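Hi,

Here is the structure I promised to pass on. Have a look at it first, and then read on for what I found.

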Amino acid sequence: MRSMKLAGGSDGLTRRQLLALAGGAAALSALAACTPSTPTTATAAPSAAAASPATTATAAPSAAAASPAKKPGGQAVISLGEPDTLLSTASRALVFSYIRSFISNGMVRLKYPDMIVVPDLADTFTASPDGKTYTFNLHPKVKWQDGGAFSSEDAKFTLEFFCHPQNPAPMTTDFANIVGAKEFKDKLAGDVTGIKISGDKVEISLLAASPTFLTSVAVTTLLPKHILKDVAPADFAKHAFARKPVYTGPFKVDEWKAGESITYSAFADHFRGRPNLDKIVQRIYPDPSAPLADLRTGVLQQGFVTADQYAEFKSNANFATQELAGTLGWFLSWDMTNKTFPFGEKDFRIAMSHAVDRATLASALFKGLAEPSYSLASPLSWVANANAPKYAYDPARSRQLLDGLGWKVGPDGIRVKNGQRLEFATVLTTTTRDWFLAIQPMLQAIGVGTSKVDVVDFGTWVSRLAVGKYEQTMNGWGNFAIDPRADLASHFHSPTKAARGDATGYKNEQVDQLFLQAAKAATRDEEKRLYDQIQNIADGDCVYGYLFRPKVLNVNAKNVRLPQAKIQAEVYDGMPTWEVG
Amino acid sequence: MGRYIVRRLLQMIPLLIGVSVLSYAIIILAPGDPAKLLADPEKMTAESYVAMRAELGLDDPGPVRYAKTMSSLITGELRSFRTQQRVVDAIGERLPTSLALGALAILFGLTLGMLIGIVQALRPYSRVDDVGTMLSLTGFSIPHFWFALMLVMLFSVRLRWLPSSGIRPIGASGWNPLEMAPYVVLPTIVLGTGLLAYVARFVRSSMLEALEQDYTRTARSKGLRERVVVVRHALRNSLLPVITIVGFLLPLLIGGAVVVEYVFALPGMGRLAVDAVFARDYPVILTITIFSAIAVMIGNLAADVLYGVADPRIRYG
Amino acid sequence: MAERVRSGGAPVASLETVTRRRPLWRRLLGNQRVVAGAAVLLATLAAALFAGSLAPYDPNAQTLADRLLGPTAAHPLGSDQLGRDVLSRVIWGTRVSLGVGFSSVAITIVIGTGIGVAAGYAGGWVDGLLMRFVDVFLSIPVFMLLLTVVAIYGSNVNLLIAFIGISAFPGAARIVRADVLSLMPREFIAAARVIGATPARVMVRHLLPNLVPIIVVSATLRVGAAILTEAGLSYFGLGVPPPAPTWGGMVADGRAFLDVAWWVSTFPGLALLVVVIATNLVGDGLRDVFDPRRQHLS
């Protein structure tokens with residue numbers, strides 16, 4: 001659902017369009033918890049330990065050094081969808097998570113693709129041995145893009161926004177875990193006492209140690225107090241800032257022409273050094289056929305194409321291409337609470353997964369440019385469990401399992417049990433329609449009838465993605481937009497699902513228990529072991545019929561040099577190192 | 001005349017209330033849940049969902065929501081669900097593009113349509129007339145979206161003569177006609193073709209009618225040269241009413257703009273409308289609908305008034 | 001005049017020689033437009049009825065290895081992104097286009113005639129109220145309204161037909177009402193009333209038969225518009241859902257392949273154009289035949 005959000009948020013068709021732009025599937029999710037950018041990526045990465053308590057992380061020295069500016073100057077024209085707003089606290093669009101990475105910063109950020117916490121505005125950060133106090137030492141030379149002085153005041157101002165009594169949104173668990181946050185929210189205190197600032201130092205005290213504090217609180221994009229201090233928290237999104245914001249990132253927003261383009265220019269006083277490019281122009285296209293023509297004629301310098309279009313660019317000397325890992329995984333989803341069909345039976349779901357010939361789908365639908373998928377977590381992230389059960393193509397096994405459940409093949413090839421045919425409806429969007437049509441015959445082959453399809457627009461689809469409102473659907477989930485632990489919780493932790501609208505009805509007490517233990521884990525190693533166990537169980541239960549992750553196919557003009565990237569988000573995250581020559 | 005216009009303007013008020021109630025009813029009875037579509041699934045908790053519904057006013061009873069929405073619409077404070085931008089501002093940003101495109105399409109449709117219609121009327125039932133008839137028939141039978149794609153395929157993808165999308169070159173702003181010219185050619189053709197077809201047919205038949213009229217016969221019998229007859233008498237009497245049909249074709253133009261702006265990635269109101277529909281951005285849909293209705297009503301009024309100017313026999317009662 | 005154009009249909013008929021005296025069928029056969037348009041429509045209808053035997057392939061049969069093949073002997077119009085035969089899909093697509101076109105117009109005509117006759121017959125405040133209602137509908141941009149309604153309420157075929165049909169009723173209602181108003185002062189209506197016929201009887205037995213020509217012409221001219229509307233909705237992903245192939249949907253499918261596979265979008269659009277031209281030809285011709293002098297627009 002989240003992945004779909006990307007496009008859907010703004011425009012239903014977008015879904016299809018963005019996917020096309022983004023290389024058939026580059027879609028991530030609505031919300032990136034955190035993706036500030038510095039050019040220091042390569043050197044700033046400590047170890048996984050950075051995120052666990054009682055450790056110190058030190059940023060690598062200067063960013064400018066990391067990417068010796070070979071050819072400063074120039075302009076790049078890129079293609080990205082239109083965000084809803086450029087205000088970090090309000091945007092729900094995936095594209096904003098990309099934009100955010102080159103216009104703003106948080107105290108720390110997540111490093112792609114393994115999603116480990118690394119320093120950003122904070123040069124160093126430490127956690128006390130009990131994991132209840134974090135200290136951030138902010139970089140001394142940070143400036144706001146309007147020239148305003150940056151200080152720890154801004155950090156306190158931003159974090160307090162999330163706990164502000166006048167903020168209509170309720171506090172999230174991790175903010176509520178800050179000492180004094182609840183008192184502030186309840187108007188019993190004038191500020192959040194657990195956030196102490198002095199000079200370049202920010203010290204935050206927690207009620208209890210939390211392994212998710214850094215990834216949900218410390219990564220928050222910082223807002224300029226000098227601009228927003230007199231604005232009521234409920235009105236931030238209505239302020240002019242939302243369309244022409246001021247952050248601390250390497251590029252600043254010059255102009256947003258609605259429906260047309262957003263222009264960014266280099267922020268010369270960026271604290272890690274000036275980016276190479278002078279200017280970025282982001283063009284906004286509603287229709288998938290439009291960016292392609294512009295890419296080919298050189299109007300666009302960079303964009304993402306579909307597998308069908310990729311070959312042409314790959315063999316053309318005027319273009320450089322990169323195949324990025326699929327960050328959006330697609331899967332079949334079932335309403336397990338359904339009483340008519342056996343969606344609640346683990347063996348049924350396994351049979352469905354065994355029926356899908358992923359290799360054929362990848363070669364037929366994506367010219368081989370897709371990876372088979374067997375799990376929700378991206379294999380690139382630190383939580384992924386490579387040894388979790390996989391139910392690969394094995395139709396004989398599917399038939400065996402369905403026979404075992406008592407569904408016998410009827411005269412027309414569709415299975416029947418107690419007079420009920422194994423034939424159910426599938427809700428699809430225009431994006432998933434063709435893909436599902438290619439899967440249909442594979443399910444038919446094991447005696448499952450899925451010819452009833454209901455293609456709806458994105459908005460309708462979102463409202464039907466809930467138990468009791470569909471039988472089968474095809475869903476996509478983007479990794480790397482948020483903390484990978486949250487990816488898993490969103491789908492397997494039943495209280496989290498219940499709060500957000502449950503699509504499957506999956507509930508496993510043991511899994512819920514393991515999530516609770518993981519939230520209290522003292523070390524990253526212990527946490528990883530617990531998440532491995534969660535995936536052993538959930539993937540073993542075959543919560544979803546995982547299908548494929550289409551690769552993201554980047555095309556850029558030869559004269560543009562992009563950073564080496566594994567995933568799409570890195571392309572934008574590394575924007576300061578882009579060169580045009 | 002002045003009194004007539006005022007009366008017509010007053011009559012628009014109940015009609016607009018009807019339009020707003022109808023559009024609002026369609027939206028309010030919708031099964032989908034905009035809060036769910038807008039909510040960020042990551043941050044969404046049971047409480048934040050309730051807060052969002054309250055913020056959007058989704059829990060108020062229907063008539064209350066209607067009253068609240070309409071009063072904020074009138075004061076200009078109505079905001080998009082999705083962007084929190086004032087809807088009037090969003091429309092203000094997009095309106096110039098749509099107006100420019102509409103004006104160009106009207107210009108294109110009128111000039112070419114009149115030309116074709118006149119040529120046809122001068123040689124009725126000839127080969128030329130047949131070609132013209134076929135042209136206008138094709139003109140209003142052709143699907144906008146397909147026509148647009150075919151033009152893009154030919155002139156942008158194959159020949160590379162014209163850009164396939166956008167309204168001005170990268171980095172340009174403002175309204176420099178020279179810079180923008182290549183960008184508006186294809187959209188103008190697609191949007192103007194329907195109009196062209198109507199105008200050509202209208203002009204052909206009203207010219208033929210005029211050429212049959214007594215005053216034309218009189219002119220002829222006075223021994224005036226055929227060209228003078230055509231230009232002075234028939235043309236003048238049959239072309240003035242043409243202007244008025246543009247007013248009645250506004251709905252056609254607005255509907256066409258939805259498709260054309262979408263296919264050519266033009267930042268106009270039609271595209272804003274499509275985006276809003278798919279995002280369930282009800283305040284935007286509602287405002288654009290009412291806005292278009294006002295445009296259509298004023299178009300009709302202008303057409304009726306102009307028709308009276310063109311044909312003094314009409315009296316306004 | 002204003003009234004005519006506003007009703008949104010097609011153009012003013014030309015002043016052709018009046019051939020009133022001859023029987024209707026002779027006049028119809030004598031009209032080139034009717035004959036040409038009807039021939040195309042009949043061929044399309046035949047394609048729809050016999051799609052099963054005419055189409056070389058199952059329209060939904062995928063051969064994933066044969067994706068996006070250009071026109072060849074095996075696939076005269078090429079294959080699409082799932083390796084389905086474009087020709088077969090174009091042939092099967094006639095069902096959706098004609099089906100939606102004709103059934104939605106039937107709805108338009110029933111509602112439009114009902115309201116038009118009621119308003120014209122009753123007159124007074126009933127007429128005023130009904131016509132204001134019609135005006136409300138007329139001033140809303142129809143395609144935008146449909147996009148909203150179909151997106152919100154979903155696009156199953158029956159709903160879609162109903163929506164398209166309803167959205168076009170105001171034009172029909174106005175034309176019928178105008179015709180009723182012109183018939184009301186006529187003697188046969190007065191005579192029927194004098195002998196005590198109920199209003200219902202007057203409307204059904206006396207008014208309706210006289211409205212047939214205008215209804216037929218208006219309906220025919222609307223079929224093309226309805227077909228285009230369905231295709232437009234399909235283009236935005238909101239038309240008739242699969243597995244039924246739809247021309248609008250096929251054009252939309254081809255958008256992403258304009259450069260590598262022009263045939264995917266081109267042929268279904270061409271089919272659309274030809275069928276709509278044919279319905280308009282028939283409509284134009286019928287108008288000339290039924291009432292050459294009246295010059296009614298749709």
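To start with one residue: does Val309(B) count as buried or exposed, and why? Val309(B) counts as exposed because its relative accessibility is 57%. Before I go further, please keep in mind that this is a predicted model, so every value below is computed from it.

**The patch on chain B**

Val309(B) sits in helix 13 of chain B. Together with Met1(B), Leu240(B), Ile243(B) and Leu306(B), Val309(B) makes a nonpolar surface patch of about 450 Å². Two helices of chain B, helix 10 (226-248) and helix 13 (282-310), each put at least two residues into that nonpolar patch.

**Chain B as a whole**

Chain B has 13 helices and zero strands, so if you read along the sequence you get α-α-α-α-α-α-α-α-α-α-α-α-α. The chain has 317 residues, and buried ones make up 58% of them. About 13500 Å² of chain B is exposed, with 67% of that supplied by carbon and sulfur atoms. If you take the contacts in chain B between residues at least 6 apart in sequence, 72% of them join residues at least 24 apart.

Ile27(B) is a nice residue to click on here. Ile27(B) lies in helix 1 (residues 2-28) of chain B, and with a relative accessibility of 6% Ile27(B) counts as buried. Leaving aside residues up to four places away in sequence, Ile27(B) touches Tyr282(B), Ile285(B) and Leu286(B), and also Ile152(C) from the other chain. For a distance to check in your viewer, try Ile27(B) and Thr289(B): they are 262 residues apart along the chain, and their C-alpha atoms are separated by 12 Å.

**Where chain C meets chain B**

Ile152(C) brings us to the contact between these two chains. In total, 56 residues of chain C are in contact with 58 residues of chain B. The two chains bury about 4800 Å² between them, and 78% of that is on carbon and sulfur atoms.

What about charged pairs? The count between chain C and chain B is one salt bridge. That salt bridge is made by the side chains of Asp284(C) and Arg201(B), at 2.6 Å from N to O. As for polar contacts, six residue pairs with both members at pLDDT 80 or more are counted between chain C and chain B.

Several helices of chain C each supply at least two residues to the side that touches chain B: helix 1 (2-6), helix 6 (124-139), helix 7 (142-153), helix 11 (199-235), helix 12 (247-254) and helix 13 (263-290). Helix 13 of chain C gives the most to that side, with 12 residues.

**Chain A**

Chain A has 22 helices and 25 strands. Of its 581 residues, 67% count as buried. The accessible surface of chain A comes to about 18100 Å², and carbon and sulfur atoms account for 53% of that. Among contacts in chain A with a separation of 6 or more, 71% are between residues 24 or more positions apart.

A buried arginine is worth a look. Arg272(A) lies in the loop between strand 10 (261-266) and strand 11 (279-283) of chain A, yet Arg272(A) counts as buried because its relative accessibility is 4%. A polar atom of the Arg272(A) side chain lies 2.5 Å from the backbone oxygen of Asp120(A).

**Backbone details in chain A**

Most residues other than glycine have a negative phi, and most peptide bonds are trans. With that in mind, here are three places to inspect.

- Tyr112(A) and Pro113(A) are joined by a cis peptide bond, with omega about -5°. Pro113(A) is in the loop between strand 3 (108-111) and strand 4 (116-119) of chain A.
- Lys187(A) is not a glycine but has a positive phi of about 60°. Lys187(A) is in the loop between helix 8 (181-185) and strand 7 (195-198) of chain A, and counts as exposed at 65% relative accessibility.
- Cys542(A), also not a glycine, has a positive phi of about 50°. You will find Cys542(A) in the loop between helix 21 (524-540) and strand 22 (545-550) of chain A; with a relative accessible area of 2%, Cys542(A) is buried.

Over to you, and cheers!

Key:
Residues are numbered from 1 along each chain as its sequence is written. Chains are lettered from A and ligands numbered from 1 in the order in which they are written. This is a predicted model: local features need pLDDT of at least 70, side-chain atom pairs count only at pLDDT 80 or more; totals for chains, interfaces and linings use all residues. Side-chain values use heavy atoms; hydrogens and water are left out. Patches are made of residues with over 30% relative accessible area and no salt bridge: like charges are joined within 9 Å, nonpolar side chains (Val, Leu, Ile, Met, Phe, Trp, Tyr) within 5 Å. Accessible areas come from the Shrake-Rupley method with a 1.4 Å probe; for residues, only the protein chains shown count as cover. A salt bridge is a side-chain nitrogen of Lys or Arg within 4 Å of a carboxyl oxygen of Asp or Glu. Helices (H or I, at least four residues) and strands (E, at least two) are DSSP runs, numbered from the N terminus. Buried means under 20% relative accessible area, exposed over 50%, partly exposed in between (1.4 Å probe, protein chains only). Contact means heavy atoms within 4.5 Å. Buried area is the accessible area (1.4 Å probe) that two parts lose on being put together, summed over both. A polar contact is a pair of N or O atoms within 3.5 Å; within protein, one must be able to donate a hydrogen and the other to accept it, and residues adjacent in sequence count only if both atoms are side-chain atoms.
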